[in-house]
Amino acid sequence: MSPAELLAHLWSDYVSSTPQARRIQELLAARQEHVRNDHVALRSFGVGDLGIPALARPFEAAGWRPRESYRFGDKHLRARYWQHPDPQLPKVFISELIVDELSAAAQALIAGLVAQVPAGFSERPDLPYSGRPWRLAQATYQELLAESEYAAWMAAFGFRVNHFTVDVGSLTTFPGLVELNAFLQDAGFALNASGGVIKGSAADHLEQSSTLADVIDVTFDDGVLRLPSCYYEFALRHRLASGELFQGFVPASASKIFESTDVAQQR
């Protein structure tokens, strides 16, 4: 699969559960902006063959190469990003839940979900947008939610892009994130204020903000719940002393961006 085909599939799946992303793109297009993606992000359970390496495989086959790794101790996560030789293509940020750091009860619930995954599932070229491969009861979701927002989100949504990210530096009608955020809020979009609306600074070489996730109907075995799905992020990168743009991520900021899908943020 070519990079363009892979990204097109990811975008189509993403906007199906994140209508705000299409609306924001339309608003930016009305200002004659051409939106460039800074990065896309995906989540996974770090168990068996369903973790980071499996999700990375289709991207590596399309030319993306692994770069730095990160650890988020407070959220029991590890992550890594991939970069393509074509600078016009977005980076890929993949995280996974370190399941064996959770309680025995949570580990058992996740094991019950993973046991339903068909043989060979992790080898699918469409794994990054394959959806939820297990059946799920509301009680299982609620028990996971009590311990880990990330675990509950993965249980409910499975394998799909968690967010796309606008490269703010490529925009021409906004001097920076402050102005873009004001534009979005004036248009009625709620932003993630955890750790401040803008996470990071020029000194960190990366400033980030994001919307709160859209809330959509999610079907369970025993009913339907309205849950936060995916969100849209905005990243402004700054130059290093070498003159090159910073390409990595700032863990303290990323940790707060993760919370854009938190159920608690919607209350």
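Start with the sheet. Eight strands make up an open sheet in this predicted model, ordered β2-β3-β4-β1-β5-β10-β7-β6. Their pairing is mixed. Strands of a sheet pair through backbone hydrogen bonds, either parallel or antiparallel.

Next, select the two edges: β2, residues 65–72, and β6, residues 199–201. Each has a single partner strand, so one side of β2 and one side of β6 are left without a neighbour in the sheet. Now turn the view to follow the twist, which averages 20° from one strand to the next.

Stay with β2 and add β3, residues 77–83. How many bridges join β2 to β3? There are 6, and the two strands run antiparallel. To see one bridge pair, pick S69 and look across to β3, where its bridge partner is R80.

Move on to helix α1, residues 3–17. Which strands does α1 lie across? They are β5 (161–167) and β10 (231–237). Against β5, the helix runs at about 110°.

Keep α1 selected and add helix α2, residues 19–30. The axes of α1 and α2 come within 5 Å and cross at roughly 105°. Angles of 65 to 115 degrees count as roughly perpendicular, so α1 is roughly perpendicular to α2.

Finally, show the side chains where the two helices meet. On α1, select W11, Y14, V15 and S17. On α2, select P19, A21, R22 and Q25. Colour these contact residues by type: 5 are nonpolar, 2 are polar and 1 is charged.

Technical notes:
Residues numbered from 1 in each chain as written. Predicted model: local features only at pLDDT ≥ 70, side-chain atom pairs only at ≥ 80, totals over all residues. Heavy atoms only, no water. Pairing = 2+ DSSP bridges. Helix = DSSP H or I, 4+ residues; strand = E, 2+ residues; numbered from the N terminus. Axes fitted to C-alpha atoms, helices over the stretch in contact; angles between N-to-C directions. Contact = heavy atoms within 4.5 Å. Parallel < 35°, antiparallel > 145°, perpendicular 65-115°, else oblique. Nonpolar A, V, L, I, M, F, W, Y, C, P; charged D, E, K, R; others polar.
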